[in-house]
Amino acid sequence: MKTPFVTKEQIEDIVKKYPTPFHIYDEKQIRENAKKMYKAFSWNKGFKEYFAVKATPNPTILKILHECGCGTDCSSLAELVMSERCNIMGNDIMFSSNDTPAEEFAYAAKLGATINLDDITHIDMLKETCGIPKRISCRFNPGGKFAIANTIMDNPGDAKYGMTPEQIIEAYKRLKDEGAEEFGMHAFLASNTVTNDYYPTLAKILFEMAVKIKEETGVKLSFINLSGGIGIPYKPDQEGNDIEKIAEGVHKVYDEVLVPAGMGDVAIFTESGRFMLAPYGHLVTKAIHEKHTYKEYIGVDACAANLMRPAMYGAYHHITVLGKEDQPLDHKYDITGSLCENNDKFAIDRMLPKIDMGDYLVIHDTGAHGFAMGYNYNGRLWSAELLLREDGSVIQIRRPETIEDYFATLDNYWDIEL
Ligand SMILES: *Cc1c(COP(=O)(O)O)cnc(C)c1O
């Protein structure tokens, strides 16, 4: 069972000022979850979560998380600038990019961010662009298949990210020769994992590699970055991850592998996006059409441009019809947006209570990779983002896009002679 963090009455009040559709985030739960994460990893002295900015690129969100101790994980110029404008800089930024333009390396270096190199060839590029910084990280890809207890989770051998074992060892040697003094390692091997074993399994691979790196190169890593990939239960019958158990699992392999190798001072970093934010955001939309043809359709005022995951991945997002939480789920609907694309459906054959025009629908778990993946197809505009404060008040943390915003990048279109 999934319960929205807003009621029908609250939404009816909010829409007087901020019309649908909009994304709304719950500050209280965001803070509580971040605190839980830090508590779970408190056994590790240097632990730090670098929130993946791409998941929810909004300065207010970054600042809330920064207050909770989090840094930022950036992978583009705009994300670096957003972090900078939030005054989150230096060691509080992890720059985990790939296929990186030279000027972005330079900008990251200027901010004092920790640069996480995706490839061995980036060493030369970085050296030529801005020099090798004192603190540096490398991204590891062990290849093959990534399995947890015989279940294949993902396919690193097919992934574009990271360096092979041979390359990463060579990379640390070179970086040391080039004057780097503090080293880290990073890997992201599976996404949206709903199991408490992902981080511990990944940690074991990285910790064993770290010991090997020390033996073969003399480089002793000072941090290991488990990156993102901790999932959330999008479906109401799924059991969520237990961050306490996850952190305990990492602690256990840390004690088994790193401590005996004299590496008991390695800091653990994470770059969670989804786990930090997804459950604490809703897309709120209004039913504006009902259509009875070969199927029953409810048309809403949001579309895939506001939330791409269902159209792109066929992802499940739970839907609650506000005010009808206790009514029987006795109607089967496709919930559609307005794009001229038949995959613009938030739900297909979903059992819901009877929906009337004007009903407000909460689409759950849109706090990460929700608004952020928006686009302008069909001339659909970006929605507002709102924040539900801890005192129950609501503020707008991004205004909705206007038609003028949409035209703002079109140069001289009246003047061009054709
Ligand atoms: C996307 C991404 C993350 C965050 O992933 P989640 O699945 O949201 O936890 C972290 N680090 C890197 C490098 C990423 O690309």
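A pocket here is an open set of grid points where a 1.4 Å probe fits, with protein on both sides within 12 Å along at least five of seven lines. The views below come from a predicted model.

**View 1. The largest pocket holds about 890 Å³ of space.** Its lining takes in 36 residues, and the ones nearest the centre are K54, R139, Y161, F188 and S191. Look for β3 (71–74), α10 (274–277) and α11 (309–313) in this close-up, as each of them gives the lining at least two residues. Sorted by class, the lining comes out at 13 nonpolar, 13 polar and ten charged residues.

**View 2. The second largest pocket holds about 430 Å³.** Here 20 residues make up the lining, with Q29, P233, P279, Y280 and D365 closest to the centre. Helix α2 chips in with four residues, the largest share of this lining. The class split is eight nonpolar, eight polar and four charged.

**View 3. Helix α2 (residues 27–40) packs on helix α3 (residues 59–67).** We've met α2 already, in the lining of the second largest pocket. The axes of α2 and α3 sit 9 Å apart, at an angle of about 40 degrees, so the two helices count as oblique to each other. The crossing of α2 past α3 is right-handed.

**View 4. A closer look at who touches whom between α2 and α3.** On the α2 side, the contact uses E27, I30, R31 and A34. Across from them, α3 brings I61, I64, L65 and E67. That makes five nonpolar and three charged residues in the contact, with no polar ones.

Key:
Residues numbered from 1 in each chain as written. Predicted model: local features only at pLDDT ≥ 70, side-chain atom pairs only at ≥ 80, totals over all residues. Heavy atoms only, no water. Axes fitted to C-alpha atoms, helices over the stretch in contact; angles between N-to-C directions. Parallel < 35°, antiparallel > 145°, perpendicular 65-115°, else oblique. Left-handed = near helix turned anticlockwise from the far one by under 90°. Contact = heavy atoms within 4.5 Å. Nonpolar A, V, L, I, M, F, W, Y, C, P; charged D, E, K, R; others polar. 1 Å grid on protein atoms, 1.4 Å probe; cavity = no way out; pocket = protein on both sides within 12 Å on 5 of 7 lines; lining within 4 Å. Points joined across faces, edges and corners; volume = space filled by probe spheres on them.
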